[in-house]
2 protein chains.
Amino acid sequence: MGRTGSERSGEILAAALDLFTRLGYEATTMADIGAAIGVRGPSLYRHVASKQDILAQIMTRTMTELLGAHRSALAGLAGTAQDDPVERLRRATEAHVRYHARHRREAFIGNREIRSLVAPGRARVLTLRSEYERCFRDLIETGIQAGRFDVTSARLASYAILDLGMGVAVWFRDGGEPGEDAVVWQYGQFALRLVGAR
Amino acid sequence: MGRTGSERSGEILAAALDLFTRLGYEATTMADIGAAIGVRGPSLYRHVASKQDILAQIMTRTMTELLGAHRSALAGLAGTAQDDPVERLRRATEAHVRYHARHRREAFIGNREIRSLVAPGRARVLTLRSEYERCFRDLIETGIQAGRFDVTSARLASYAILDLGMGVAVWFRDGGEPGEDAVVWQYGQFALRLVGAR
(Lines give C-alpha, C1' and ligand atoms only; values in the text may rest on other atoms or scores of the structure.)
Protein backbone atom coordinates (compact mmCIF):
# COMPACT_ATOMS: atom_id res chain seq x y z
CA MET A 1 0.00 0.00 0.00
CA GLY A 2 1.40 3.38 -1.00
CA ARG A 3 2.05 6.07 1.58
CA THR A 4 0.31 9.40 1.38
CA GLY A 5 2.42 12.52 0.96
CA SER A 6 1.68 13.53 4.51
CA GLU A 7 2.77 10.13 5.89
CA ARG A 8 5.97 10.42 3.89
CA SER A 9 6.60 13.94 5.19
CA GLY A 10 6.11 12.66 8.73
CA GLU A 11 8.67 9.89 8.13
CA ILE A 12 11.15 12.38 6.72
CA LEU A 13 10.83 14.67 9.75
CA ALA A 14 11.13 11.73 12.16
CA ALA A 15 14.29 10.44 10.43
CA ALA A 16 15.78 13.94 10.33
CA LEU A 17 14.99 14.48 14.01
CA ASP A 18 16.90 11.33 14.84
CA LEU A 19 19.88 12.15 12.60
CA PHE A 20 20.11 15.81 13.65
CA THR A 21 20.12 14.66 17.27
CA ARG A 22 22.86 12.08 16.76
CA LEU A 23 25.08 13.72 14.13
CA GLY A 24 24.08 17.39 14.26
CA TYR A 25 22.37 19.38 11.51
CA GLU A 26 25.54 20.38 9.65
CA ALA A 27 26.92 16.84 9.49
CA THR A 28 23.65 15.28 8.29
CA THR A 29 23.07 15.09 4.52
CA MET A 30 19.81 14.74 2.58
CA ALA A 31 21.20 11.38 1.39
CA ASP A 32 21.47 10.25 5.05
CA ILE A 33 17.85 11.21 5.61
CA GLY A 34 16.75 9.43 2.43
CA ALA A 35 18.72 6.29 3.34
CA ALA A 36 17.13 6.18 6.80
CA ILE A 37 13.67 5.79 5.27
CA GLY A 38 14.66 3.95 2.07
CA VAL A 39 14.02 6.82 -0.32
CA ARG A 40 16.49 8.06 -2.94
CA GLY A 41 17.61 11.68 -2.75
CA PRO A 42 15.63 13.08 -5.70
CA SER A 43 12.26 11.78 -4.53
CA LEU A 44 12.82 13.35 -1.09
CA TYR A 45 12.48 16.69 -2.83
CA ARG A 46 8.88 15.91 -3.77
CA HIS A 47 8.10 16.24 -0.04
CA VAL A 48 10.56 18.81 1.32
CA ALA A 49 12.36 21.70 -0.33
CA SER A 50 15.72 21.31 1.42
CA LYS A 51 17.50 20.24 4.61
CA GLN A 52 16.95 23.81 5.83
CA ASP A 53 13.23 23.40 5.14
CA ILE A 54 13.22 20.22 7.27
CA LEU A 55 14.95 22.00 10.15
CA ALA A 56 12.47 24.89 9.91
CA GLN A 57 9.54 22.43 9.89
CA ILE A 58 10.86 20.59 12.96
CA MET A 59 11.40 23.76 14.96
CA THR A 60 8.13 25.36 13.86
CA ARG A 61 6.22 22.21 14.76
CA THR A 62 7.84 22.11 18.21
CA MET A 63 6.72 25.65 18.97
CA THR A 64 3.24 25.10 17.48
CA GLU A 65 2.81 22.00 19.64
CA LEU A 66 4.01 23.85 22.76
CA LEU A 67 1.57 26.70 22.12
CA GLY A 68 -1.19 24.15 21.50
CA ALA A 69 -0.39 22.28 24.73
CA HIS A 70 -0.43 25.59 26.59
CA ARG A 71 -3.87 26.58 25.25
CA SER A 72 -5.36 23.13 25.85
CA ALA A 73 -4.07 23.11 29.42
CA LEU A 74 -5.73 26.45 30.15
CA ALA A 75 -8.93 25.54 28.25
CA GLY A 76 -9.16 22.38 30.37
CA LEU A 77 -9.54 24.34 33.61
CA ALA A 78 -13.05 24.03 35.03
CA GLY A 79 -15.28 26.46 36.96
CA THR A 80 -13.64 29.14 39.05
CA ALA A 81 -10.14 27.72 38.35
CA GLN A 82 -10.54 29.13 34.84
CA ASP A 83 -9.94 32.65 36.13
CA ASP A 84 -7.57 31.78 38.96
CA PRO A 85 -4.04 33.05 38.18
CA VAL A 86 -2.54 30.41 40.48
CA GLU A 87 -4.28 27.50 38.76
CA ARG A 88 -3.55 28.96 35.34
CA LEU A 89 0.18 29.28 35.98
CA ARG A 90 0.29 25.82 37.57
CA ARG A 91 -1.40 24.24 34.55
CA ALA A 92 0.72 26.15 32.04
CA THR A 93 3.93 25.11 33.81
CA GLU A 94 2.80 21.50 34.04
CA ALA A 95 2.07 21.43 30.29
CA HIS A 96 5.47 23.03 29.59
CA VAL A 97 7.34 20.50 31.71
CA ARG A 98 5.39 17.50 30.40
CA TYR A 99 6.12 18.53 26.82
CA HIS A 100 9.85 18.79 27.57
CA ALA A 101 9.92 15.43 29.35
CA ARG A 102 8.29 13.83 26.28
CA HIS A 103 10.05 15.73 23.46
CA ARG A 104 13.66 15.78 24.55
CA ARG A 105 15.14 15.53 21.05
CA GLU A 106 12.98 18.39 19.75
CA ALA A 107 14.11 20.52 22.72
CA PHE A 108 17.74 19.56 22.16
CA ILE A 109 17.60 20.48 18.45
CA GLY A 110 15.68 23.67 19.12
CA ASN A 111 18.45 24.67 21.49
CA ARG A 112 21.49 23.40 19.62
CA GLU A 113 20.59 24.16 16.01
CA ILE A 114 18.84 27.53 16.22
CA ARG A 115 22.00 29.11 14.82
CA SER A 116 21.80 26.93 11.72
CA LEU A 117 18.26 28.13 11.00
CA VAL A 118 18.17 31.03 8.50
CA ALA A 119 15.48 33.31 7.04
CA PRO A 120 12.56 32.96 6.71
CA GLY A 121 12.25 29.93 9.04
CA ARG A 122 14.35 31.57 11.72
CA ALA A 123 12.13 34.64 12.03
CA ARG A 124 9.03 32.41 12.20
CA VAL A 125 10.48 30.28 15.01
CA LEU A 126 11.74 33.28 16.99
CA THR A 127 8.29 34.90 16.68
CA LEU A 128 6.61 31.75 18.01
CA ARG A 129 9.13 31.57 20.87
CA SER A 130 8.47 35.12 21.85
CA GLU A 131 4.71 34.52 21.63
CA TYR A 132 5.09 31.53 23.96
CA GLU A 133 7.20 33.49 26.44
CA ARG A 134 4.61 36.28 26.30
CA CYS A 135 1.89 33.79 27.37
CA PHE A 136 3.78 33.09 30.60
CA ARG A 137 4.60 36.73 31.20
CA ASP A 138 0.93 37.64 30.76
CA LEU A 139 -0.16 34.94 33.22
CA ILE A 140 2.30 36.30 35.77
CA GLU A 141 1.33 39.96 35.20
CA THR A 142 -2.34 39.06 35.63
CA GLY A 143 -1.51 37.32 38.90
CA ILE A 144 0.46 40.33 40.12
CA GLN A 145 -2.44 42.69 39.28
CA ALA A 146 -4.87 40.38 41.07
CA GLY A 147 -2.62 40.51 44.16
CA ARG A 148 -1.98 36.76 43.97
CA PHE A 149 1.69 36.88 42.94
CA ASP A 150 4.53 38.87 44.42
CA VAL A 151 7.19 39.38 41.74
CA THR A 152 9.45 42.33 40.91
CA SER A 153 9.90 41.44 37.23
CA ALA A 154 7.31 39.30 35.43
CA ARG A 155 9.77 38.97 32.56
CA LEU A 156 12.54 37.48 34.73
CA ALA A 157 10.05 35.16 36.42
CA SER A 158 8.77 33.96 33.03
CA TYR A 159 12.33 33.31 31.84
CA ALA A 160 13.15 31.41 35.03
CA ILE A 161 10.06 29.19 34.78
CA LEU A 162 10.58 28.48 31.07
CA ASP A 163 14.27 27.71 31.61
CA LEU A 164 13.79 25.31 34.50
CA GLY A 165 11.17 23.48 32.44
CA MET A 166 13.45 23.28 29.41
CA GLY A 167 16.15 21.84 31.63
CA VAL A 168 13.91 18.81 32.22
CA ALA A 169 14.50 17.80 28.58
CA VAL A 170 18.23 17.51 29.35
CA TRP A 171 18.19 15.31 32.44
CA PHE A 172 14.86 13.46 32.34
CA ARG A 173 14.98 9.73 31.54
CA ASP A 174 11.98 7.47 30.90
CA GLY A 175 11.61 4.94 33.66
CA GLY A 176 13.80 6.98 36.04
CA GLU A 177 12.73 8.20 39.45
CA PRO A 178 10.89 10.47 40.07
CA GLY A 179 8.64 9.64 37.10
CA GLU A 180 7.00 12.07 34.71
CA ASP A 181 3.92 12.86 36.81
CA ALA A 182 5.95 13.51 39.95
CA VAL A 183 8.38 15.78 38.09
CA VAL A 184 5.50 17.66 36.44
CA TRP A 185 3.78 18.16 39.79
CA GLN A 186 6.91 19.33 41.59
CA TYR A 187 7.87 21.76 38.85
CA GLY A 188 4.35 23.20 38.97
CA GLN A 189 5.00 23.82 42.68
CA PHE A 190 8.39 25.35 41.95
CA ALA A 191 6.80 27.84 39.53
CA LEU A 192 4.11 28.88 42.02
CA ARG A 193 6.68 29.31 44.76
CA LEU A 194 8.93 31.28 42.46
CA VAL A 195 6.22 33.89 41.83
CA GLY A 196 5.29 34.01 45.51
CA ALA A 197 1.76 32.64 44.87
CA ARG A 198 -0.75 32.98 47.71
CA MET B 1 58.64 41.11 23.50
CA GLY B 2 58.00 37.38 23.25
CA ARG B 3 54.94 35.80 24.76
CA THR B 4 55.23 33.14 27.43
CA GLY B 5 53.80 29.70 26.68
CA SER B 6 51.00 30.31 29.09
CA GLU B 7 50.07 33.64 27.43
CA ARG B 8 50.05 31.87 24.08
CA SER B 9 47.83 29.10 25.44
CA GLY B 10 45.43 31.74 26.77
CA GLU B 11 45.27 33.38 23.34
CA ILE B 12 44.60 30.05 21.67
CA LEU B 13 41.73 29.26 24.03
CA ALA B 14 40.26 32.75 23.60
CA ALA B 15 40.39 32.51 19.79
CA ALA B 16 38.91 29.00 19.86
CA LEU B 17 36.12 30.13 22.20
CA ASP B 18 35.19 32.83 19.72
CA LEU B 19 35.34 30.55 16.67
CA PHE B 20 33.51 27.63 18.30
CA THR B 21 30.76 30.05 19.30
CA ARG B 22 30.40 31.54 15.83
CA LEU B 23 31.07 28.55 13.57
CA GLY B 24 30.62 25.55 15.86
CA TYR B 25 33.33 23.11 16.94
CA GLU B 26 33.03 20.76 13.95
CA ALA B 27 33.26 23.55 11.37
CA THR B 28 36.30 25.22 13.01
CA THR B 29 39.76 24.08 11.91
CA MET B 30 43.10 24.36 13.69
CA ALA B 31 44.16 26.60 10.77
CA ASP B 32 41.24 28.97 11.59
CA ILE B 33 42.41 29.15 15.19
CA GLY B 34 46.02 29.75 14.15
CA ALA B 35 44.98 32.45 11.67
CA ALA B 36 42.95 34.25 14.33
CA ILE B 37 46.06 34.80 16.44
CA GLY B 38 48.63 34.98 13.65
CA VAL B 39 50.29 31.62 14.31
CA ARG B 40 50.92 28.96 11.67
CA GLY B 41 49.34 25.56 12.21
CA PRO B 42 52.48 23.61 13.23
CA SER B 43 53.53 25.99 16.00
CA LEU B 44 50.02 25.79 17.52
CA TYR B 45 50.88 22.19 18.40
CA ARG B 46 53.64 23.35 20.70
CA HIS B 47 50.86 24.67 22.97
CA VAL B 48 47.90 22.36 22.46
CA ALA B 49 47.67 18.72 21.41
CA SER B 50 44.62 19.00 19.15
CA LYS B 51 41.32 20.77 18.54
CA GLN B 52 39.76 18.19 20.86
CA ASP B 53 42.31 19.13 23.53
CA ILE B 54 41.29 22.80 23.16
CA LEU B 55 37.60 21.92 23.56
CA ALA B 56 38.40 19.82 26.63
CA GLN B 57 40.47 22.66 28.13
CA ILE B 58 37.68 25.21 27.54
CA MET B 59 35.02 23.02 29.13
CA THR B 60 37.23 21.92 32.01
CA ARG B 61 38.18 25.51 32.75
CA THR B 62 34.52 26.56 32.75
CA MET B 63 33.64 23.95 35.36
CA THR B 64 36.76 24.66 37.42
CA GLU B 65 35.91 28.37 37.46
CA LEU B 66 32.29 27.65 38.43
CA LEU B 67 33.41 25.42 41.29
CA GLY B 68 35.92 28.08 42.34
CA ALA B 69 33.27 30.82 42.26
CA HIS B 70 30.98 28.60 44.32
CA ARG B 71 33.62 27.99 47.00
CA SER B 72 34.68 31.63 47.16
CA ALA B 73 31.07 32.73 47.52
CA LEU B 74 30.55 30.42 50.49
CA ALA B 75 33.94 31.24 52.01
CA GLY B 76 33.02 34.93 51.84
CA LEU B 77 30.10 34.54 54.22
CA ALA B 78 30.78 36.18 57.56
CA GLY B 79 29.78 35.28 61.12
CA THR B 80 26.58 33.31 61.69
CA ALA B 81 25.70 33.50 57.95
CA GLN B 82 28.49 30.98 57.42
CA ASP B 83 26.33 28.19 58.78
CA ASP B 84 22.97 29.52 57.63
CA PRO B 85 21.53 27.27 54.88
CA VAL B 86 19.45 30.18 53.53
CA GLU B 87 22.44 32.50 53.14
CA ARG B 88 24.56 29.71 51.74
CA LEU B 89 22.05 28.81 49.03
CA ARG B 90 21.49 32.48 48.24
CA ARG B 91 25.22 33.11 47.81
CA ALA B 92 25.76 29.95 45.79
CA THR B 93 22.89 30.82 43.42
CA GLU B 94 24.11 34.40 43.07
CA ALA B 95 27.61 33.18 42.13
CA HIS B 96 26.09 30.70 39.65
CA VAL B 97 23.94 33.36 37.98
CA ARG B 98 26.72 35.97 37.90
CA TYR B 99 29.07 33.50 36.25
CA HIS B 100 26.50 32.71 33.57
CA ALA B 101 25.76 36.39 32.93
CA ARG B 102 29.49 36.98 32.43
CA HIS B 103 30.48 33.80 30.57
CA ARG B 104 27.74 33.35 28.03
CA ARG B 105 29.95 31.88 25.31
CA GLU B 106 31.47 29.31 27.67
CA ALA B 107 27.96 28.29 28.74
CA PHE B 108 26.79 28.10 25.14
CA ILE B 109 29.71 25.90 24.12
CA GLY B 110 29.41 23.72 27.23
CA ASN B 111 25.82 23.11 26.25
CA ARG B 112 26.12 22.84 22.50
CA GLU B 113 29.39 20.96 22.08
CA ILE B 114 29.34 18.43 24.92
CA ARG B 115 28.52 15.76 22.32
CA SER B 116 31.70 16.56 20.42
CA LEU B 117 33.81 16.01 23.52
CA VAL B 118 35.26 12.49 23.71
CA ALA B 119 37.30 10.48 26.24
CA PRO B 120 39.15 11.33 28.42
CA GLY B 121 38.07 15.01 28.44
CA ARG B 122 34.41 14.12 28.38
CA ALA B 123 34.57 12.01 31.55
CA ARG B 124 36.50 14.75 33.34
CA VAL B 125 33.94 17.43 32.43
CA LEU B 126 30.98 15.22 33.35
CA THR B 127 32.60 14.44 36.71
CA LEU B 128 33.09 18.17 37.42
CA ARG B 129 29.49 18.86 36.42
CA SER B 130 28.18 16.22 38.72
CA GLU B 131 30.44 17.52 41.52
CA TYR B 132 28.99 21.01 40.99
CA GLU B 133 25.40 19.73 41.00
CA ARG B 134 26.21 17.79 44.16
CA CYS B 135 27.28 21.04 45.89
CA PHE B 136 23.80 22.51 45.35
CA ARG B 137 22.07 19.30 46.33
CA ASP B 138 24.09 19.14 49.55
CA LEU B 139 23.22 22.75 50.39
CA ILE B 140 19.54 21.97 49.90
CA GLU B 141 19.67 18.73 51.89
CA THR B 142 21.40 20.51 54.76
CA GLY B 143 18.65 23.15 54.72
CA ILE B 144 15.95 20.48 54.76
CA GLN B 145 17.59 18.73 57.72
CA ALA B 146 17.86 22.03 59.57
CA GLY B 147 14.13 22.60 59.01
CA ARG B 148 14.82 25.74 56.95
CA PHE B 149 13.78 24.39 53.52
CA ASP B 150 10.65 22.51 52.55
CA VAL B 151 11.41 20.41 49.46
CA THR B 152 10.26 16.94 48.38
CA SER B 153 13.29 16.21 46.19
CA ALA B 154 16.58 18.01 46.78
CA ARG B 155 17.78 16.63 43.46
CA LEU B 156 14.92 18.17 41.45
CA ALA B 157 15.31 21.46 43.30
CA SER B 158 19.05 21.53 42.53
CA TYR B 159 18.37 20.82 38.84
CA ALA B 160 15.74 23.56 38.71
CA ILE B 161 18.04 26.15 40.32
CA LEU B 162 21.00 25.24 38.12
CA ASP B 163 18.85 25.30 34.97
CA LEU B 164 17.25 28.65 35.60
CA GLY B 165 20.69 30.11 36.24
CA MET B 166 22.12 28.59 33.05
CA GLY B 167 19.21 30.12 31.16
CA VAL B 168 20.57 33.55 32.08
CA ALA B 169 23.52 32.91 29.73
CA VAL B 170 21.04 32.61 26.84
CA TRP B 171 19.00 35.78 27.26
CA PHE B 172 21.21 38.17 29.27
CA ARG B 173 22.69 41.15 27.40
CA ASP B 174 25.26 43.61 28.78
CA GLY B 175 23.71 47.02 29.23
CA GLY B 176 20.15 45.63 29.15
CA GLU B 177 17.60 46.10 31.90
CA PRO B 178 17.51 44.75 34.52
CA GLY B 179 21.29 44.84 34.88
CA GLU B 180 23.57 42.12 36.21
CA ASP B 181 23.23 42.92 39.92
CA ALA B 182 19.43 43.11 39.75
CA VAL B 183 19.22 39.81 37.87
CA VAL B 184 21.63 38.16 40.32
CA TRP B 185 19.61 39.40 43.28
CA GLN B 186 16.25 38.33 41.88
CA TYR B 187 17.49 34.88 40.91
CA GLY B 188 18.83 34.42 44.43
CA GLN B 189 15.30 35.17 45.64
CA PHE B 190 13.82 32.75 43.12
CA ALA B 191 16.06 29.96 44.43
CA LEU B 192 15.12 30.61 48.05
CA ARG B 193 11.45 30.69 47.20
CA LEU B 194 11.76 27.54 45.16
CA VAL B 195 13.08 25.57 48.15
CA GLY B 196 10.47 27.13 50.47
CA ALA B 197 13.12 28.89 52.60
CA ARG B 198 11.95 30.27 55.96
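Helices here are DSSP runs of H or I, at least four residues long, numbered from the N terminus. I keep that in mind for every helix label below. I also note at the start that this is a predicted model.

**Entry 1: a pair inside one helix**

I began with helix H5 of chain A, residues 85-102. Arg90(A) and Glu87(A) both sit in it, three residues apart. That spacing is about one turn of the helix. I looked up the gap between their charged groups. The closest N and O atoms are 3.2 Å apart, and the pair forms a salt bridge. The cut-off is 4 Å, so the pair qualifies. Side chains of opposite charge can pair when their charged atoms come close. I then took the total for the structure: 30 salt bridges over all chains.

**Entry 2: domains of chain A**

I looked up the domain assignment next. Chain A has domain 1 at 1-48 and domain 2 at 52-194. Their centres, taken over C-alpha atoms, lie 28 Å apart. Domain 1 of chain A brings 13 residues to the contact and domain 2 of chain A brings 14.

How much area do the two domains of chain A bury between them? I read about 1300 Å², with 69% of it on carbon and sulfur atoms. On the domain 1 side, Leu13(A), Leu17(A) and Tyr25(A) lose the most area to domain 2 of chain A. Together they make up 51% of what that side buries.

I checked charges across this interface. The rule finds one salt bridge between domain 1 and domain 2 of chain A. I also listed the side chains of Asp18(A) and Arg105(A), which meet in a salt bridge at 3.7 Å, N to O. For polar contacts between the two domains of chain A, I count three residue pairs, both residues at pLDDT 80 or more.

Then I sorted the domain 1 side by element. H1 and helix H2 (30-36) of chain A each supply at least two residues to it. H1(A) has the largest share, seven residues. By class, this side of domain 1 of chain A has nine nonpolar, two polar and two charged residues.

**Entry 3: an annotated stretch**

I turned to the UniProt record. In an unreviewed entry, it lists residues 29-48 of chain A as "DNA-binding region". In the model, residues 29-48 of chain A are 55% helix and 0% strand. The end C-alpha atoms of this stretch are 13 Å apart.

**Entry 4: chain A against chain B**

Last, I took the interface between the chains. Chain A gives 32 residues to the contact and chain B gives 31. The two chains bury about 2700 Å² between them, 55% of it on carbon and sulfur atoms. Which residues of chain A lose the most area to chain B? I found Arg112(A), Leu156(A) and Arg193(A), together 25% of what that side buries.

The rule finds two salt bridges across the interface of chain A and chain B. I looked up Asp150(A), which forms a salt bridge with Arg193(B). Their closest N and O atoms are 3.2 Å apart. I also noted nine residue pairs in polar contact across this interface, both residues at pLDDT 80 or more.

Four helices of chain A each supply at least two residues to the side that touches chain B: H1 (5-23), H6 (104-112), H8 (154-171) and H9 (180-194). H8(A) gives the most, ten residues. I split that side of chain A by class and got 16 nonpolar, seven polar and nine charged residues.

Terms used: Residues are numbered from 1 along each chain as its sequence is written. Chains are lettered from A and ligands numbered from 1 in the order in which they are written. This is a predicted model: local features need pLDDT of at least 70, side-chain atom pairs count only at pLDDT 80 or more; totals for chains, interfaces and linings use all residues. Side-chain values use heavy atoms; hydrogens and water are left out. Contact means heavy atoms within 4.5 Å. Buried area is the accessible area (1.4 Å probe) that two parts lose on being put together, summed over both. A polar contact is a pair of N or O atoms within 3.5 Å; within protein, one must be able to donate a hydrogen and the other to accept it, and residues adjacent in sequence count only if both atoms are side-chain atoms. Ala, Val, Leu, Ile, Met, Phe, Trp, Tyr, Cys and Pro count as nonpolar, Asp, Glu, Lys and Arg as charged, and the others, Gly among them, as polar. Domain bounds come from an automatic or database domain assignment. UniProt positions are given in the numbering used here, feature names are shortened, and annotations may be inferred rather than shown by experiment.
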